[in-house]
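Here's a quick briefing to read alongside the model. Take a look at the fold first, then work through the points below.

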Amino acid sequence: ALFNIAYCYQSLDETSKAVETYKKCLDKGKKDTLLIADVHTNLGVSYDYSGDYGKAILHYLESYTLNKALKNNEALGTSSSNLGQLFSTLKIYDKA
């Protein structure tokens with residue numbers, strides 16, 4: 001339920017509320033690795049939209065690591081794409 005609430009905040013451009021709610025998801029969903037990976041993806045998106053690129057990269061990388069361990073190829077593709085797009089935006093082409 002919290003994940004969906006956070007996603008709604010994100011969709012409404014309420015970034016700070018989205019981040020706060022996603023962080024609560026991390027605390028409550030510690031045993032659900034798939035959920036945690038999704039939360040990190042969406043935290044990355046929230047930070048990316050707000051211009052906090054350092055935090056966005058950290059969460060995208062965490063999502064990538066978790067999805068790789070889970071062998072969740074679809075989500076791994078999303079994580080890779082998010083990282084690549086952000087590195088391209090930041091003109092860090094050797095990592096994009």
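How many helices and how many strands make up the secondary structure of the protein? The count comes to 5 helices and 0 strands, and along the sequence that reads as α-α-α-α-α. Keep in mind that this is a predicted model. With a radius of gyration of 13 Å, close to the 12 Å that the globule rule gives for 96 residues, the protein is as compact as a globular protein of that length.

**Overall shape and surface**

- Taken along the principal axes, the C-alpha atoms fill a box of roughly 40 × 30 × 20 Å.
- Of the 96 residues, 38% count as buried.
- The accessible surface comes to about 5,900 Å², and carbon and sulfur atoms account for 52% of that.
- If you take the contacts between residues at least 6 apart in sequence, 41% of them join residues at least 24 apart.

**Helix α3**

- α3 runs over residues 33-50; its 18 residues reach 26 Å from first C-alpha to last, close to the 26 Å expected at 1.5 Å a residue.
- Its buried residues include I36, A37, V39 and H40, and the list goes on through T41, N42, L43, G44, V45, S46, Y47 and D48.
- What do those buried residues pack against? Their partners are α1, α2, α4 and α5.
- Just after α3 comes G51, with a positive phi near 90°.

**Helix α2**

- The 14 residues of α2 (15-28) should span 20 Å at 1.5 Å a residue, and the end C-alpha atoms are indeed 20 Å apart.
- A18, V19, T21, Y22, C25 and L26 are the buried residues here.
- They pack against α1, which covers residues 2-11, and against α3.

**Helix α5**

- α5 (73-89) has 17 residues that should span 24 Å at 1.5 Å a residue, which agrees with the 24 Å between its end C-alpha atoms.
- On the buried list for α5 are A75, L76, S79, N82, L83, G84, L86 and F87.
- The buried residues of α5 pack against α3 and α4.
- K91 follows α5 and has a positive phi, near 60°.

**The nonpolar core**

- The largest nonpolar core has 19 residues, and Y22, V39, L43 and Y60 are the ones with the most contacts inside it.
- Four helices, namely α2, α3, α4 and α5, each supply at least two residues of this core.
- Which helix gives the largest share of this core? That's α3, with 6 residues.
- Leaving out residues up to four places away in sequence, L43 touches V19, Y22, L26 and H59.

**A buried asparagine in α3**

- N42 sits in α3 and is buried, with a relative accessible area of 12%.
- Setting aside neighbours within four places in sequence, N42 is in contact with F3, Y7, Q10 and Y22.
- Y22 therefore shows up twice in this briefing as a partner of α3 residues, being in contact with N42 and touched by L43, while N42 itself is buried at 12% relative accessible area.

**L61 in α4**

- L61 belongs to helix α4, which spans residues 53-70.
- Is L61 buried, partly exposed or exposed? It counts as partly exposed, at 38% relative accessibility.
- L61 and H40 are 21 residues apart in sequence, and their C-alpha atoms are 8.5 Å apart in space.

**Cysteines**

- The structure holds 0 disulfides.
- C8 is in no disulfide, and the nearest cysteine sulfur, in C25, lies 12 Å away.
- Why is there no bond from C25? The closest cysteine sulfur, that of C8, is 12 Å from its own, which is too far for a bond.
- The two cysteines also sit in different surroundings: C8 is partly exposed at 45% relative accessibility, whereas C25 is buried at 4% relative accessible area.

Definitions and conventions: Residues numbered from 1 in each chain as written. Predicted model: local features only at pLDDT ≥ 70, side-chain atom pairs only at ≥ 80, totals over all residues. Heavy atoms only, no water. Disulfide = S-S within 2.5 Å. Buried < 20%, exposed > 50% of the residue type's maximum accessible area, 1.4 Å probe, protein only. Core = buried A, V, L, I, M, F, W, Y, C linked by side-chain atoms within 4.5 Å. Contact = heavy atoms within 4.5 Å. Rg over C-alpha atoms; globule rule 2.2 N^0.38 Å. Areas by Shrake-Rupley, 256 points an atom, 1.4 Å probe, with all protein chains shown as cover. Expected span 1.5 Å × (residues − 1).
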